[in-house]
Amino acid sequence: MNAPAKTEEFAPAIPAGVFAETVTSVQHYTDRLFRFRMTRPESFRFRSGEFAMIGLMVGDKPVYRAYSIASPSWDEELEFFSIKVPDGPLTSHLQQIQVGDTVLMRKKPTGTLVLDALTPGKRLYMFSTGTGIAPFASLIRDPETYEKFDEVILTHTCREVAELKYGFDLVEEIRNHEFLAEVVGDKLRHYATVTREDYPFQGRITDLISNGKMFADLGVPRFDPAIDRGMICGSAAMLKETKALLEQAGLTEGANSKPAEFVIERAFVD
Ligand code: A2P
């Protein structure tokens with residue numbers, strides 16, 4: 001396996017039509033999860049919650065996967081939160097990147113987890129499992145989220161407590177941030193649960209919705225299509241089951257072209 005190269009070492013091999021950016025920080029959380037930040041091209045614009053195709057040269061070929069951009073649209077850098085799959089075509093290489101390495105990014109971001117795809121409401125739920133928290137890491141750092149909603153509830157469910165750290169660090173960062181802290185105030189609530197370890201909050205989010213425990217823990221009423229909006233990001237099975245629960249409560253799925261009460265996006269990467 002080739003070690004990730006510095007820009008100058010493989011500059012001639014960079015494919016046309018992509019940005020070649022420089023890694024500025026890497027943080028490993030567990031043997032399955034890490035985060036990295038990289039430079040942002042000046043011309044690169046995106047809406048908080050969107051994803052981009054991220055890649056590396058593997059041998060002489062670029063390998064890309066869809067990655068939610070975890071940083072907000074105002075940030076000078078770009079942040080990504082990634083799983084590490086031992087045999088993953090991209091992540092087996094990406095997990096080895098270091099500060100100064102080059103990461104490729106296709107020029108056009110896209111995605112459905114954007115505020116524009118939701119009709120106005122009062123309470124916004126963001127349901128995530130694992131690295132599905134990434135698009136919400138972007139949205140909870142975007143002041144527009146708090147202009148549009150009175151209450152923002154981020155749920156994050158992982159197998160183990162150590163996997164929740166990225167989310168806890170994020171909320172802590174917001175609370176201490178020089179301008180976000182004031183914009184966010186007490187509107188942001190973080191509901192973190194685990195499924196395979198002892199912890200005060202346990203269980204899959206789908207079960208906690210079905211049995212009412214999530215509502216009781218948060219002290220909020222059950223879903224109301226007049227007030228509540230949702231965004232979902234996780235595995236295919238998690239999306240399907242969470243979507244079914246929102247639909248049972250009378251919420252309908254929206255899209256960029258047709259805003260409605262909730263939107264979904266798969267947390268892809270392998
Ligand atoms: P569980 O431990 O019961 O499988 P993963 O790391 O595999 O992506 O899982 C992240 C979290 O998503 C885990 O806590 C896992 O719970 C949970 N999960 C897996 N499948 C579903 C599903 N269909 N609905 C809700 N949560 C799920």
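Which element gives the largest share of the shell around the ligand? The answer is α9, with three residues. Keep in mind as you read that this is a predicted model.

## Who surrounds the ligand

Let's meet the neighbours. The residues around the ligand are Arg32, Thr129, Thr157, Cys158, Arg159, Thr195, Arg196, Arg204, Thr206, Ala237, Met238 and Glu241. Sorted by chemical character, this shell holds three nonpolar, four polar and five charged residues.

You can also sort the shell by where its residues sit in the fold. The elements that give two or more residues to it are β8, spanning 151-158, and α9, spanning 236-248. Of these, α9 is the one with the largest share, as you saw at the start.

## How the ligand is held in view

Where does the ligand sit among the pockets of the protein? The space it takes is the largest pocket. Try finding that space in the structure above, then look for the contacts described next.

Two of the contacts involve oxygen atoms of the ligand and side chains of the protein. In the side chain of threonine 195, an N or O atom is 2.6 Å from a ligand oxygen. For arginine 204, an N or O atom of the side chain is 2.9 Å from an oxygen of the ligand. Methionine 238 takes part through its backbone: a polar backbone atom there is 3.5 Å from a nitrogen atom of the ligand. How much of the ligand does the protein cover? On its own, the ligand has 570 Å² of accessible area, and the protein covers 82% of that.

## Two buried residues in strands

Now let's step to some single residues. Serine 128 belongs to strand β7, which runs over residues 123-129. Is serine 128 buried or exposed? Its relative accessibility is 0%, so serine 128 counts as buried. The side chain of serine 128 also reaches the backbone oxygen of threonine 155, at 2.8 Å.

Tyrosine 191 lies in another strand, β9, made of residues 188-194. With a relative accessible area of 4%, tyrosine 191 is buried because buried means under 20%. Between tyrosine 191 and histidine 28 there are 22 Å in space, C-alpha to C-alpha, and the two are 163 residues apart in sequence.

## Buried residues in loops and a helix

What about residues in loops? Leucine 113 is part of the loop between β6 (102-106) and β7. Its relative accessibility is 0%, and therefore leucine 113 counts as buried. From leucine 113 to tyrosine 191 the separation is 78 residues along the sequence and 19 Å in space, C-alpha to C-alpha.

Arginine 141 is in a loop as well, the one between α3 (134-139) and α4 (143-148). Is arginine 141 buried or exposed? At 2% relative accessibility, it counts as buried. Arginine 141 and tyrosine 67 are 74 residues apart in sequence, and their C-alpha atoms are 18 Å apart in space.

Finally, leucine 94 has its place in helix α2, residues 91-94. Leucine 94 has a relative accessible area of 0%, so it is buried. Measuring by eye is hard, but here is a distance you can check in the viewer: leucine 94 and proline 135 are 19 Å apart, C-alpha to C-alpha, and 41 residues apart in sequence.

Methods: Residues are numbered from 1 along each chain as its sequence is written. This is a predicted model: local features need pLDDT of at least 70, side-chain atom pairs count only at pLDDT 80 or more; totals for chains, interfaces and linings use all residues. Side-chain values use heavy atoms; hydrogens and water are left out. A residue is near a molecule or strand if one of its heavy atoms lies within 4 Å of it. A polar contact is a pair of N or O atoms within 3.5 Å; within protein, one must be able to donate a hydrogen and the other to accept it, and residues adjacent in sequence count only if both atoms are side-chain atoms. Accessible areas come from the Shrake-Rupley method with a 1.4 Å probe; for residues, only the protein chains shown count as cover. On a 1 Å grid over the protein atoms alone, a cavity is a set of points where a 1.4 Å probe fits but cannot get out, and a pocket is an open set with protein on both sides within 12 Å along at least five of seven lines; lining residues have an atom within 4 Å of a point. A molecule sits in a cavity or pocket if more than half of its atoms lie within 2 Å of its grid points. Helices (H or I, at least four residues) and strands (E, at least two) are DSSP runs, numbered from the N terminus. Ala, Val, Leu, Ile, Met, Phe, Trp, Tyr, Cys and Pro count as nonpolar, Asp, Glu, Lys and Arg as charged, and the others, Gly among them, as polar. Buried means under 20% relative accessible area, exposed over 50%, partly exposed in between (1.4 Å probe, protein chains only).
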